[in-house]
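Colleague: I am new to this structure and would like a short tour. Could you take me through some of its features?

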Amino acid sequence: MNSTKTQAPQRQRDLELIVPGMGSDHCAGIINKTIGRLDGIDQIETNIAKHKVSVRSLASGPDGEALKHAVEGAGYDVASVREVGGRTFRVTVPGMGSDHCAGIIKSTLARHDGVQTTSTNIANHTVSVVVGSDGPTENELKELIEGAGYDVAAVALEGDASQEEDSAVEEAYLKLALRRFWIAAVPTTLIMVLMMFHMFWQPIPGYLAIIAVLGFPVVFLYGGAATHKASWRSLKNGTFNMDVLISMGSLPPYLIGLVGFVYPMTSFIEMAVTIMTFHMLGRYLEAKAKGKASEAIRKLLTLGAKTARVEREGEEVEIPVKDLAPGDIMIVRPGDKVPTDGEVVDGESHLDESIATGESVPVYKSTGDTVIGATINKEGRLRVKATRVGGDTFLAQVVKLIDEAQGSRVPIQEFADRMTGRFVPLVLVIALGSLVVWLFAVDTLRPILEWGAAFLPWVDPTAATPVLAILAAIAVLVIACPCALGLATPTALMVGSGVGAERGILIRSGEAIQTFKDVKVMVLDKTGTITRGEPKLTDVVPAAGVSETELLELATAVENASEHPIARAIVDGARERGIKPGNVVDFRSTGARGVSGRVGESTVLIGNRLLLEEQGVNGLDALDKSLSDLEDQGRTAVIVARDGEAYGIVAVADTLKDESVAAIRAMHEQGLYVVMITGDNERAANAVAREVGIDEVRAGVLPEGKVDAIRELQEKYGNHVAMVGDGINDAPALKQANVGIAIGAGADVAIEAADVTLVRGELSGVVDAMVLSRATFKKIVENLLWASGYNAAAIPIAAAGLLHPMIGVVAMTVSSLSVIGNSMLLRRRYEKDHR
């Protein structure tokens, strides 16, 4: 352990970096010195055994990204950075429906010194807040967010809250939104009927008093009160949310309408109640539509088993799944869901794993195989040892990944953030400007109304100047829609991540979606990615006068006594051909060179050519061409000799996955340049490359060299390099690549380091993920163009007096819903592009 630099105590934060390449005190010293140069560092500790660097910095010091950049600048890869020591609260804010709302909440919390980091997830209406020792309490967090104009449904420490609780809160908010709408809709409908009767049929005595009484609860009570309360808190906080526009679009018309009791003028009360009612309807429809767009997580949550049958003292007992512990033996009968992740200890069956992989064909499982919780047992009875429970299960991790993806940000979103941050104040200025201009320049503007009256029935050029000014100002307020801009990115991410999860594609971040579309180079690891990662018997070449069966019988009898991977591949391959191992005596191994033993009356020797040559075996020359051809194909070949005579060749190889050739062909069709990086020798690597159609091969690359190879490709082709890998040694390279893709069957550390995880473990999923990310990004762009174009066109039309406020509030609602609806079309777009 090393430590440096202690300063006077101030508010601090603790960060932890995992640096895989820090393997000695020399490396630790370099990293220590590099971080120590940064301002605001209080303490540094390095732990070589765990490759961990613990940094305590002052509040004004570098954050995690700055530390990571510094360490990488010193030549070391950083696998992860996390903040430690702070408490993390999960706050449920049902009304946080767009990035505009999320931005207001984040900026509000950021003003509190004790808040270290804040992240928002619009998909499930939650805010994750990391606070220090001097940070706000649960009640203070609630007060801060409510002060910004948003109701808080729940505050809980991370880990105490659950996805099920989030869904329950979301459902409760949906019911509340519907109830508020109906309470507003009933009196508003009655007012509209009375208005039509009063205007076009027969004047109603006391009409103004009647509609003022009916409209009061709509504008001022229940739904209206919640809106005005939120807008007041927002204004006090110095932030501006959508409720501010609605309050200013409904309160002034109602109050101005009351002037009719003392001075004859047009009533605006009908307009006020209509605006508020449509706002309530819009809130409900948005909540319902967003819920449908993000239903992937809720679907996954309902798929898990609720109870499990476990063995207790020789008997089967049914217990809740939450009470399972690692090591429990579960009984899974035909038709049952597997309660949690585990390993089969007895029995065999086929399991439907479509929930995890998207693959509809059931997978065979027997003793020693791993099974995933929530998959369905089709026929046999299985005894399964629980290995992962609770938040560690595959299903829980998938939910977490989708959660992260839906709460992540896309770089293009910065454009929307800049716009929405200034949007409401700008709209207020435009509305006020419209009011003033119409009051003082009405004669100049009236020709616009005369032109519009020819085709817009609600335009009245003869209306009084104050009426025209009020109508224009209110129309500007209610037609503006910052929520459409704020919904553009998260709704597309919600749908895209859900579509991917159904097909075994887990995209961790929005940034990966934007980066993926520009990828030009796809780097593939060989073993476990293109190939199966395990040797298999591929060729049997008998000498003249010897049959394949005779050759395999001899080879299998001897190799069955060995535990070498090549020996196991030969034995397994022979069994597949119906040949069972015979008996061997006097078995001997000569290390890496070969093995020998007696089979029946014969002495059998198996090994490389040099060993057999040393032992004086005859007939080797006749096998040389076959031996050379096999080695050129990347095979590992051994010669079998019987009683001093060459009997034939047996070869094994790490075989290709079934889909590798088609997957790489599909990558080429997507315009990708495909590179294979492997630690294998050049001959074996080139043999695989020729077979699958790889464009470039980099062989003999050690694990630490893969990062350098990725960097070289990035220098050559720009920051458009993606990598697919599955092993622990791939993790640093996956991080270095612009997009890291982990094969789901691989190591956990590789999956953690990746931006995209392919659960099914098939290379064909890479193209599927690329198509999905491109389709998702296209939807984000479409949404942003529509939302910004709508506001750019609608606000000037409203300011010109050509848009009635009642139509404006409908159009505003339609704008938000159209963005959500367009995102939901992503599923169809992906399926069309994927054909």
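Modeller: Let us begin with Asp-643, which is partly exposed, with a relative accessible area of 47%. Buried means under 20% relative accessible area, exposed over 50%, and partly exposed in between, with a 1.4 Å probe and protein chains only.

Colleague: Where does Asp-643 lie?

Modeller: Asp-643 lies in the loop between strand 24 (636–642) and strand 25 (645–656). Its phi is near 50°, a positive value in a residue other than glycine. Helices (H or I, at least four residues) and strands (E, at least two) are DSSP runs, numbered from the N terminus.

Colleague: What kind of model is this, and how are residues numbered?

Modeller: This is a predicted model, in which local features need pLDDT of at least 70 and side-chain atom pairs count only at pLDDT 80 or more, while totals for chains, interfaces and linings use all residues. Residues are numbered from 1 along each chain as its sequence is written, and side-chain values use heavy atoms, leaving out hydrogens and water.

Colleague: Back to phi: is Ala-374 buried or exposed?

Modeller: Ala-374 is buried, with a relative accessible area of 6%. This residue has a positive phi of about 80° although it is not a glycine, and it is found in the loop between strand 15 (370–371) and strand 16 (376–377).

Colleague: Now the sheet with strand 5: what is the strand order?

Modeller: The order is 6-7-5-8, in an open sheet of four strands with antiparallel pairing; two strands pair if DSSP finds at least two bridges between them. Strand 6 (115–121) and strand 8 (154–157) stand at the edges with a single partner strand each, so one side of each has no neighbour in the sheet.

Colleague: How many bridges join strand 5 to strand 8?

Modeller: Four bridges join strand 5 (residues 87–92) to strand 8, and the two run antiparallel. Val-91 stands opposite Val-155 in strand 8.

Colleague: Different topic: which side chain of opposite charge is nearest to Glu-559?

Modeller: That is Arg-568, 7.3 Å away; Glu-559 is buried yet has no salt bridge. A salt bridge is a side-chain nitrogen of Lys or Arg within 4 Å of a carboxyl oxygen of Asp or Glu. Lys and Arg count as positive and Asp and Glu as negative, while His and the chain ends are not counted.

Colleague: And how many helices and strands has the chain?

Modeller: The chain has 30 helices and 30 strands. Of its 835 residues, 51% count as buried.
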